[in-house]
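The exercises below are to be worked with the sequence and the model side by side. Each one sets a task and then gives a solution in steps.

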Number of protein chains: 2
Amino acid sequence: MENKVTLKELSKILNVSISTVSKALNDSSEISHETRQRVKELAKLNNYLPNAMAQNLKKKSTRTIGVIIPAILPQFFSKVLHGIETRANKLGYKVIVCISNESLEKEKDGILTLITSQVDGLIISLARETQTMGSYDHFQMVSQYNIPLVLFDRVTSQIDCDKVIIQDREEARKATAALFRSGCKNVAYFSAISHTSVDNERKRGYEMACENLNKRIFTYTVETNEDFDKFFQHEFIKRSIDGILVADELTAILLMKTALKRGLQIPLDLSVIGFANGTMGEHFITSLSVVDQRAMDQGIQAVDLVVDRIEGRTKEDPVEVSLEATFIYRESTRLISA
Amino acid sequence: MENKVTLKELSKILNVSISTVSKALNDSSEISHETRQRVKELAKLNNYLPNAMAQNLKKKSTRTIGVIIPAILPQFFSKVLHGIETRANKLGYKVIVCISNESLEKEKDGILTLITSQVDGLIISLARETQTMGSYDHFQMVSQYNIPLVLFDRVTSQIDCDKVIIQDREEARKATAALFRSGCKNVAYFSAISHTSVDNERKRGYEMACENLNKRIFTYTVETNEDFDKFFQHEFIKRSIDGILVADELTAILLMKTALKRGLQIPLDLSVIGFANGTMGEHFITSLSVVDQRAMDQGIQAVDLVVDRIEGRTKEDPVEVSLEATFIYRESTRLISA
């Protein structure tokens, strides 16, 4: 903990009294808004933690695991959380969760909140903004306090820690190849989650499959209903697209819905494979063939890794668990030969 | 805080040394498993909080709101969380979340975890087990520490605090009446969430509508796919049911899916209204008419109530915010006259 700054040091740097620093950190109205901001920013930058908390830190186990997920609405993250919850409960750990809402700043806040809540370990999937900006300095705090950390799904090579992933690139390559094998001539890639590590991997896998088979590459970023309509009016016809790999579940459903409403037959006119095995894709008519990201298992594995560190069973170099995804064959694809 | 027990008192009651109590609470392996269990149970029963934490408590604001939801998989709770997150963020508060997994014990644990994490306020939707057993003693801890509490969706009259609800009974009554007005002769009520307060309210509303119109009452608890098949093989035919009000979204989707696969036409042969406005019902073909529980708004209102208490703007008696639900008319119901 040699890098932890004290109140005294903060007061020196800022040239104000210790009492001012303390009051500013406690949001006292005696201190001007500006000074409060300045003090807090410096404190954050230097990983200052309130004394009592810092003293408590790591003294004893709270048997609590802190989790940060980038978003709560996609069912994938709910399912991972469910896996984390179930497994942690079984091992006698509690779980507290923060949501970064895809924001770098909120991810930082979340880490600080969870550290001051004295969690024994952290499980995190990176915010989109964190990945886009490649900004990982806030993770220094985690290693300074020696808190075991596991990243899952959205990970980075910039952080040295245990990781749980599925082989996104390889799974996307296999799914794309399967679409071609089922008879598709022109396969496109759709994504509404661009600039995440998983999207990069999936797109790369798609491209690899096309390159291997000497097929043309068509990638589309879709955000709104209009994007779907536009696609079917122009590109779909112009490029004779008859197969689409979609990077997330909701986008796959919206795509199929637009296609069906336009009178297209699935999988006859258009075959679709999505990522993530959610209830929406399962129960949609036509039901969606998917690469199952094994959300529950990712949660379970992440807990096992972090608890092994917390309880000292793993001490050596970072472990990367790469889960093999499973392909779930449903109604949105034609028969695929092995 | 006069009810808070000290280490000394615990040691007296248990007739062991203070050091034993302390070690037991810190899970020291020097102490037998049994003694650890006994000490921890007694400590919990008496709302013992570790000293350092107790001292910190309420000393200063952490600008953090603690949330406990009963389950993470239903999209309703994800949406409420999203509302809570968004609003809290706007007001400069952080959010940490625990999941009770419908268990009374885990709800207790969650409250303890959040209190020791020094949250400024709590937002909770009760676990199914808590409601079934009518066991609310663990909420004494919350009032002892003077922590503002807001209950939402699954609430109880047994706890004196601010609440956010929708008028479930009235909305169910109106939806049932609407099904009759649209031409249905025999309307049934389906639920997979029996023994929750919301289910009781919705069922009561359904029954009231039937009673008012002198119609027969048919209520079904459904849990598995077989329940749906059985229903269509027997009751559906025997009772000539042509309208169903469903207490939750997934059950409504599974019901429609079974009906469609059996060759029934929706809404011609069977009209369906569900509760909760999720993406699954919205995008299903046939799209689902729903009573919108206004999940986001419930989250926003809960944050506003709790922050008003935290910041001292509300001081008087508990406030109950009863949101008016909106009916979203989609393809699963016939035209409903006003």
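**Exercise 1. Determine the volume of the largest cavity, and say what lines it.**

Solution. The largest cavity has a volume of about 70 Å³, where a cavity is a set of points on a 1 Å grid over the protein atoms alone at which a 1.4 Å probe fits but cannot get out, and the volume is the space filled by probe spheres set on the points, which are joined across faces, edges and corners. The next step is the lining, that is, the residues with an atom within 4 Å of a point: C98(A), I99(A), K106(A), D109(A), G110(A), T113(A), E85(B), K94(B) and V95(B). Two or more of these residues come from each of β2 (94-99) and α6 (104-116) of chain A and β2 (94-99) of chain B, helices (H or I, at least four residues) and strands (E, at least two) being DSSP runs numbered from the N terminus. The largest contribution is that of α6(A), with 4 residues. By class, the lining holds 3 nonpolar, 2 polar and 4 charged residues, with Ala, Val, Leu, Ile, Met, Phe, Trp, Tyr, Cys and Pro taken as nonpolar, Asp, Glu, Lys and Arg as charged, and the others, Gly among them, as polar.

This is a predicted model, in which local features need pLDDT of at least 70 and side-chain atom pairs count only at pLDDT 80 or more, while totals for chains, interfaces and linings use all residues. Residues are numbered from 1 along each chain as its sequence is written, chains are lettered from A and ligands numbered from 1 in the order in which they are written, and side-chain values use heavy atoms, with hydrogens and water left out.

**Exercise 2. State the strand order of the open sheet in chain A, and explain why one side of β7 and of β12 is left without a neighbour.**

Solution. The sheet has 6 strands in the order β7-β6-β8-β9-β10-β12, with mixed pairing; two strands pair if DSSP finds at least two bridges between them. In chain A, β7 (218-221) and β12 (326-328) stand at the edges with a single partner strand each, so one side of each has no neighbour in the sheet. On average, neighbouring strands are turned by 20° against each other, direction ignored. At the β12(A) edge, 3 bridges in the antiparallel sense link β10 (residues 289-292) to β12 in chain A, and D292(A) has T326(A) as its bridge partner. Helix α10 (residues 197-212) of chain A packs on this sheet, touching β6 (187-191), β7, β8 (243-246) and β9 (271-275) (contact means heavy atoms within 4.5 Å), and its direction makes about 175° with that of β6(A), where axes are lines fitted to C-alpha atoms, for helices over the stretch in contact, and angles run from 0 to 180 degrees between N-to-C directions.

**Exercise 3. Locate the cis peptide bond from I285(A) and the one that joins I266(B) to its partner.**

Solution. In chain A the cis bond runs from I285(A) to T286(A), with omega near 5°, and T286(A) is in the loop between α14 (279-283) and β10. In chain B the bond joins I266(B) and P267(B), with omega about 10°, and P267(B) lies in the loop between α13 (249-261) and β9 (271-275).

**Exercise 4. Assess the confidence of chain A.**

Solution. Chain A has a mean pLDDT (the predictor's confidence in each residue, from 0 to 100) of 89, and 93% of its residues reach 70 or more. Over residues 51-58 of chain A the pLDDT is below 50, and this stretch has 17 contacts in the model beyond near neighbours in sequence. Where pLDDT is low, predicted coordinates should not be read in detail.

Methods: 1 Å grid on protein atoms, 1.4 Å probe; cavity = no way out; pocket = protein on both sides within 12 Å on 5 of 7 lines; lining within 4 Å.
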